[in-house]
Amino acid sequence: MSPTRPVSLIGAPTDVGAAERGASMGPEAMRVAGLRAALEARGLTVLDRGNLSGPPNPNTVPVGGYRHLPEVVHWAGRVHAAVYAALRAGEVPILLGGDHSLAIGSISAVARHCREQGRTLRVLWLDAHADFNTAELSPSGNLHGMPLACLCGLGPAALTALGGPPPALHPQWVRQIGVRSVDAGERRLVHELAVEVFDMRFIDERGMREAVRQALGGISADTHVHVSFDVDFLDPDIAPGVGTTVPGGPTYREAQLCMEMLADTRQVASLDLVELNPAFDVRNRTACLAVDLLESLFGKSTLVRRQTPIRALEVVARRGAQQPASLTPAARGSGVE
Ligand SMILES: [Mn+2]
């Protein structure tokens, strides 16, 4: 990714695809946690496009195996248009979800752009779940469990054909990292499609370094790397602010290493940050962690960290600004001011 390309923030405040309510508050939580300033500190130009709008969550039961399908189609369509426009304008779009069904919109736009540009595509799916459910396999009908199936052509036509004739993605372009919760039917489908999965057992046995190294294997200078980052990828001990926590996820250092290795490619050209759910969070700490990780994804490396004291104080001040006013001066200590 060229450092001269501006980053555009595209908020999609909805939870129509999710099981639990609250991911609709994700975009604002990321802004409150200082995402823009953090990216600007990396030397990036940041264009905050604000939030897309769409239908509210009707909170109804599934119809024909899908819950809230018309609403999910509407939101995915809005995301598709916004992400496609950003890519055409030479920007690096960051989709701020919202639930993971929105990735049907963003990744179909990325795939369309890559087809038109004659570029290859690699999608890195960081998630506790495989997100390969179909209406036949899904116990719940929640579409945030189905985005990869839809992108690979398995799902309702209104979603599979969003960016042109399906499928938007070939399963061979996808690498899943951090998976640790997969339904039985979904597991069969993932095997049938021969998706490359680096599950937690792989990470336990071989390490995050080897998982990311292999997940990036075979990319060329011409490959568009898309990262679809579901916050439930992270261990719930460090990231409680998600609706579908699964124990046993990557630690802080493993997640940082993953992001730094992705940054090293300099080819991450689009990103989804989804499933952040402030209703489950504690003092916005999961959003602050996500901002930390995105800083690393956009090139802040612990290998070359040479913070000046002034820069370090700016970070302290930024963190301090998120604390209640009554706590800040005392908590920061007299030496800082
Ligand atoms: Mn997901």
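Where is the place of Arg283? Keep that in mind as you turn the model, which is a predicted one; we will come back to Arg283 at the end of the tour.

**Stop 1: the whole chain**

Start with the cartoon view of everything. The protein chain has 13 helices and 8 strands. Of its 337 residues, 49% count as buried. If you like contact maps, take the contacts between residues at least 6 apart in sequence: 76% of these join residues at least 24 apart.

**Stop 2: the sheet**

Now select the strands. You should see an open sheet of 8 strands with parallel pairing, in the order E2-E1-E3-E8-E7-E4-E5-E6. Strand E2 (46–51) and E6 stand at the edges; each has a single partner strand, so one side of each is left without a neighbour in the sheet. On average, neighbouring strands of this sheet are turned by 15° against each other, direction ignored.

**Stop 3: E4 and its partners**

Select residues 120–126, which form strand E4. Of its 7 residues, 6 are buried, so E4 is largely enclosed by the rest of the structure.

Add E7 (223–230) to the selection. E4 and E7 pair in the parallel sense over 7 bridges, and the bridge partner of Leu124 in E7 is Val227.

On the other pairing, E4 runs parallel to E5, joined by 4 bridges. Two pairs to pick out here are Trp125 with Gln176 and Leu126 with Ile177.

**Stop 4: E5, covered on both faces**

Stay with E5, residues 174–177. Are its faces covered or open? Look at the side chains: Val174 and Gln176 lie on one side, Arg175 and Ile177 on the other, and all of them are buried, so that both faces are covered.

Next, add residues 196–198, strand E6, which pairs with E5 in the parallel sense over 3 bridges. Arg175 has Glu196 as its bridge partner in E6.

**Stop 5: E3, E8 and the core**

Move to E3 (residues 92–97) and E8 (residues 268–274), a parallel pair with 3 bridges. Leu96 finds its bridge partner in E8 at Leu273.

Which residues touch the most other members of the largest nonpolar core? Among its 102 residues, these are Ile10, Met30, Val83, Leu95, Leu273 and Ala290. Helix H3 gives the largest share of this core, with 11 residues.

Leu95 is a good one to centre on. Beyond its neighbours within four places in sequence, Leu95 is in contact with Ile10, Ala12, Val79, Val83, Leu102, Ser106, Leu271, Asp272 and Leu273.

**Stop 6: H3 against H4**

Select residues 69–88 for helix H3 and 103–117 for helix H4. Their axes are 7 Å apart and the two helices pack at an angle of about 35°, in a right-handed crossing. From H3, the contact is made by Trp75, Ala76, Gly77, Arg78, Val79, His80, Val83, Tyr84 and Leu87; from H4, by Ile104, Gly105, Ser106, Ser108, Ala109, Val110, Arg112 and His113. Colour these residues by type and you get 9 nonpolar, 6 polar and 2 charged.

Then bring the sheet back. H4 lies across E3, E4, E7 and E8, and runs at about 175° to E7.

**Stop 7: backbone surprises**

Most residues other than glycine have a negative phi, and most peptide bonds are trans. Here are some exceptions to check.

- Gly97 and Gly98 are joined by a cis peptide bond with omega of about 15°; Gly98 lies in the loop between E3 and H4.
- From Pro166 to Pro167 the peptide bond is cis, with omega near 0°; look for Pro167 in the loop between helix H6 (157–160) and E5.
- His68 is not a glycine, yet its phi is positive, about 60°. Its loop runs between E2 and H3, and His68 is buried, with 26 other C-beta atoms within 10 Å.

The last pick is Arg283, in the loop between E8 and helix H11 (285–297). Its phi is near 50°, a positive value in a residue other than glycine. Is Arg283 buried or exposed? Arg283 is exposed, with 11 other C-beta atoms within 10 Å.

Note on methods: Residues are numbered from 1 along each chain as its sequence is written. This is a predicted model: local features need pLDDT of at least 70, side-chain atom pairs count only at pLDDT 80 or more; totals for chains, interfaces and linings use all residues. Axes are lines fitted to C-alpha atoms, for helices over the stretch in contact, and angles run from 0 to 180 degrees between N-to-C directions. A crossing is left-handed if the near helix is turned anticlockwise from the far one by less than a right angle, and right-handed if clockwise. Two residues are in contact if their C-beta atoms, placed from the backbone, lie within 7 Å. Ala, Val, Leu, Ile, Met, Phe, Trp, Tyr, Cys and Pro count as nonpolar, Asp, Glu, Lys and Arg as charged, and the others, Gly among them, as polar. A nonpolar core is a set of buried Ala, Val, Leu, Ile, Met, Phe, Trp, Tyr and Cys residues joined through C-beta atoms within 7 Å. A residue is buried if 20 or more other C-beta atoms lie within 10 Å of its own, exposed if 12 or fewer, and partly exposed in between; C-beta atoms are placed from the backbone. Two strands pair if DSSP finds at least two bridges between them.
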